[in-house]
Amino acid sequence: EFRRVLFRSEGAGSFKLSAPPVYSKAPAVPAIAYSPNGALLAAAGYHETLLHAADGSKILARLLGESPRIESIAFAPNSKWLATAGGAPSRFGEIQIWALSSNTLVRSIKVSHDSLFGVSFSPESDRIAVGGADKSVRVFALTNGQEILKFDNHSDWVFATTFTVNGDRKST
(Lines give C-alpha, C1' and ligand atoms only; values in the text may rest on other atoms or scores of the structure.)
Protein backbone atom coordinates (compact mmCIF):
# COMPACT_ATOMS: atom_id res chain seq x y z
CA GLU A 1 0.00 0.00 0.00
CA PHE A 2 1.00 3.62 -0.39
CA ARG A 3 -0.38 6.96 0.62
CA ARG A 4 -1.92 8.71 -2.35
CA VAL A 5 -0.06 11.74 -3.63
CA LEU A 6 -1.74 14.43 -5.71
CA PHE A 7 -1.08 14.49 -9.43
CA ARG A 8 0.40 17.61 -10.95
CA SER A 9 -2.03 19.55 -13.09
CA GLU A 10 -0.23 19.15 -16.40
CA GLY A 11 -3.33 18.73 -18.51
CA ALA A 12 -5.96 16.07 -18.75
CA GLY A 13 -4.69 12.53 -18.41
CA SER A 14 -1.41 13.42 -16.71
CA PHE A 15 -0.06 10.69 -14.48
CA LYS A 16 2.80 12.64 -12.90
CA LEU A 17 2.98 12.74 -9.13
CA SER A 18 3.76 15.96 -7.27
CA ALA A 19 6.07 14.10 -4.83
CA PRO A 20 7.47 10.60 -4.38
CA PRO A 21 4.97 8.16 -2.89
CA VAL A 22 5.10 7.28 0.79
CA TYR A 23 4.75 3.54 1.33
CA SER A 24 3.03 2.25 4.43
CA LYS A 25 3.97 -1.34 3.49
CA ALA A 26 6.58 -2.78 1.19
CA PRO A 27 5.31 -2.48 -2.40
CA ALA A 28 5.27 -5.23 -5.00
CA VAL A 29 8.51 -5.14 -7.00
CA PRO A 30 7.79 -6.15 -10.60
CA ALA A 31 11.31 -5.34 -11.86
CA ILE A 32 14.83 -5.32 -10.44
CA ALA A 33 18.33 -5.06 -11.95
CA TYR A 34 21.96 -4.80 -10.84
CA SER A 35 24.33 -2.36 -12.51
CA PRO A 36 27.12 -3.90 -14.64
CA ASN A 37 29.72 -2.93 -12.02
CA GLY A 38 27.62 -4.37 -9.18
CA ALA A 39 27.45 -1.07 -7.27
CA LEU A 40 23.75 -0.28 -7.76
CA LEU A 41 20.50 -2.16 -7.42
CA ALA A 42 17.50 -0.63 -9.20
CA ALA A 43 14.03 -1.66 -8.02
CA ALA A 44 10.66 -0.63 -9.42
CA GLY A 45 8.16 1.13 -7.19
CA TYR A 46 4.94 3.03 -7.78
CA HIS A 47 5.71 5.74 -10.37
CA GLU A 48 9.40 5.43 -9.54
CA THR A 49 12.60 3.46 -9.72
CA LEU A 50 14.63 3.35 -6.53
CA LEU A 51 18.42 3.18 -6.78
CA HIS A 52 19.87 1.33 -3.81
CA ALA A 53 23.47 0.81 -2.80
CA ALA A 54 24.07 -2.82 -3.80
CA ASP A 55 24.89 -3.77 -0.22
CA GLY A 56 21.43 -2.57 0.88
CA SER A 57 22.80 0.14 3.16
CA LYS A 58 20.81 3.06 1.70
CA ILE A 59 18.64 4.44 -1.07
CA LEU A 60 20.80 6.63 -3.31
CA ALA A 61 18.07 8.09 -5.52
CA ARG A 62 14.35 7.98 -6.26
CA LEU A 63 13.75 8.39 -9.98
CA LEU A 64 10.17 9.63 -10.23
CA GLY A 65 8.48 9.22 -13.61
CA GLU A 66 5.04 9.25 -15.18
CA SER A 67 4.43 5.50 -15.56
CA PRO A 68 2.47 4.15 -12.59
CA ARG A 69 3.89 0.68 -13.18
CA ILE A 70 7.50 -0.07 -14.12
CA GLU A 71 7.62 -3.53 -15.73
CA SER A 72 11.29 -3.75 -16.71
CA ILE A 73 14.63 -2.15 -15.80
CA ALA A 74 17.98 -2.33 -17.61
CA PHE A 75 21.38 -0.73 -17.11
CA ALA A 76 23.39 0.17 -20.20
CA PRO A 77 26.54 -1.90 -20.68
CA ASN A 78 28.59 1.34 -20.51
CA SER A 79 26.99 2.11 -17.08
CA LYS A 80 25.98 5.63 -18.18
CA TRP A 81 22.24 5.01 -18.60
CA LEU A 82 19.32 3.32 -16.92
CA ALA A 83 16.19 2.49 -18.89
CA THR A 84 12.79 1.52 -17.59
CA ALA A 85 9.75 0.27 -19.48
CA GLY A 86 6.18 0.22 -18.29
CA GLY A 87 3.22 2.48 -18.54
CA ALA A 88 -0.42 2.74 -17.56
CA PRO A 89 -2.25 -0.39 -18.73
CA SER A 90 -4.74 0.32 -21.55
CA ARG A 91 -3.58 3.95 -21.68
CA PHE A 92 0.09 4.27 -22.69
CA GLY A 93 3.44 2.55 -22.78
CA GLU A 94 6.58 4.47 -21.82
CA ILE A 95 10.34 4.08 -21.90
CA GLN A 96 12.24 6.31 -19.48
CA ILE A 97 15.95 6.91 -20.03
CA TRP A 98 17.89 8.18 -17.01
CA ALA A 99 21.44 9.62 -16.92
CA LEU A 100 23.14 7.88 -14.00
CA SER A 101 25.73 10.64 -13.62
CA SER A 102 23.02 13.06 -12.46
CA ASN A 103 20.00 10.76 -11.86
CA THR A 104 17.95 12.89 -14.24
CA LEU A 105 15.38 11.88 -16.83
CA VAL A 106 16.95 12.43 -20.24
CA ARG A 107 14.09 11.18 -22.36
CA SER A 108 10.59 9.79 -22.06
CA ILE A 109 9.36 7.88 -25.08
CA LYS A 110 5.64 7.14 -25.12
CA VAL A 111 4.46 4.57 -27.63
CA SER A 112 1.52 2.23 -27.88
CA HIS A 113 -1.76 2.30 -26.00
CA ASP A 114 -0.66 -0.28 -23.47
CA SER A 115 2.26 -1.29 -21.24
CA LEU A 116 5.80 -2.01 -22.44
CA PHE A 117 8.04 -4.83 -21.21
CA GLY A 118 11.53 -6.29 -21.49
CA VAL A 119 13.68 -3.23 -22.11
CA SER A 120 17.26 -3.98 -23.22
CA PHE A 121 20.32 -2.06 -24.44
CA SER A 122 22.46 -2.88 -27.44
CA PRO A 123 26.07 -3.87 -26.64
CA GLU A 124 27.24 -0.39 -27.75
CA SER A 125 24.65 1.31 -25.50
CA ASP A 126 23.32 3.24 -28.50
CA ARG A 127 19.96 1.49 -29.03
CA ILE A 128 17.12 0.32 -26.82
CA ALA A 129 14.67 -2.48 -27.58
CA VAL A 130 11.32 -3.02 -25.89
CA GLY A 131 8.39 -5.41 -26.23
CA GLY A 132 4.77 -4.55 -25.79
CA ALA A 133 1.27 -5.66 -24.98
CA ASP A 134 0.47 -4.53 -28.54
CA LYS A 135 2.36 -7.64 -29.79
CA SER A 136 5.28 -5.62 -31.15
CA VAL A 137 9.01 -5.15 -30.59
CA ARG A 138 10.45 -1.71 -31.16
CA VAL A 139 14.03 -0.47 -31.34
CA PHE A 140 14.91 3.15 -30.60
CA ALA A 141 18.06 5.23 -31.07
CA LEU A 142 19.32 6.37 -27.68
CA THR A 143 20.63 9.70 -29.01
CA ASN A 144 17.32 11.10 -30.26
CA GLY A 145 14.62 8.62 -29.19
CA GLN A 146 13.59 7.91 -32.78
CA GLU A 147 12.03 4.53 -33.55
CA ILE A 148 14.39 2.84 -36.00
CA LEU A 149 12.80 -0.60 -36.23
CA LYS A 150 9.44 -2.21 -35.48
CA PHE A 151 8.45 -5.87 -35.57
CA ASP A 152 4.69 -6.25 -35.20
CA ASN A 153 4.13 -9.82 -36.30
CA HIS A 154 4.00 -11.54 -32.90
CA SER A 155 1.00 -13.65 -31.89
CA ASP A 156 0.87 -12.32 -28.31
CA TRP A 157 2.42 -9.87 -25.85
CA VAL A 158 6.21 -9.58 -25.96
CA PHE A 159 7.69 -9.73 -22.45
CA ALA A 160 11.43 -9.71 -23.19
CA THR A 161 13.97 -8.43 -25.72
CA THR A 162 17.69 -8.89 -26.11
CA PHE A 163 20.45 -8.08 -28.57
CA THR A 164 23.00 -10.52 -29.89
CA VAL A 165 26.51 -10.19 -28.45
CA ASN A 166 27.66 -8.16 -31.46
CA GLY A 167 24.41 -6.17 -31.77
CA ASP A 168 23.36 -7.57 -35.15
CA ARG A 169 19.80 -8.66 -35.88
CA LYS A 170 20.99 -12.08 -36.92
CA SER A 171 23.16 -14.63 -35.23
CA THR A 172 26.56 -15.41 -36.78
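**Salt bridges in the model**

Tutor: Let's start with R138, a buried residue with a relative accessible area of 8%. Keep in mind that this is a predicted model.

Student: Okay, which residue does R138 form a salt bridge with?

Tutor: The partner is E147, and the closest N and O atoms of the two are 3.1 Å apart.

Student: And E147, is that one buried or partly exposed?

Tutor: E147 is partly exposed, at 38% relative accessible area. R138, as we said, is buried.

Student: Why can side chains pair up like that at all?

Tutor: Opposite charges can pair when the charged atoms come close.

Student: New topic: how many salt bridges does the count come to?

Tutor: The count comes to 7. One of them joins the side chains of R62 and E48, at 2.8 Å from N to O.

Student: Where do R62 and E48 sit in the chain?

Tutor: R62 is in strand β6, residues 59–75, while E48 is in strand β5, residues 46–53. The two are 14 residues apart, and the pair links distant parts of the chain.

Student: Is E48 buried or exposed?

Tutor: E48 is buried, with a relative accessible area of just 1%. R62 counts as partly exposed, because its relative accessibility is 36% and that class runs from 20% to 50%.

Student: Switching again, what links E124, D126 and R127?

Tutor: A network of salt bridges links those three residues. Within it, R127 forms a salt bridge with D126, their closest N and O atoms being 3.4 Å apart.

Student: And how accessible is D126?

Tutor: D126 has 35% relative accessibility, which counts as partly exposed.

Terms used
Residues numbered from 1 in each chain as written. Predicted model: local features only at pLDDT ≥ 70, side-chain atom pairs only at ≥ 80, totals over all residues. Heavy atoms only, no water. Salt bridge = Lys/Arg side-chain N within 4 Å of Asp/Glu carboxyl O. Helix = DSSP H or I, 4+ residues; strand = E, 2+ residues; numbered from the N terminus. Buried < 20%, exposed > 50% of the residue type's maximum accessible area, 1.4 Å probe, protein only.
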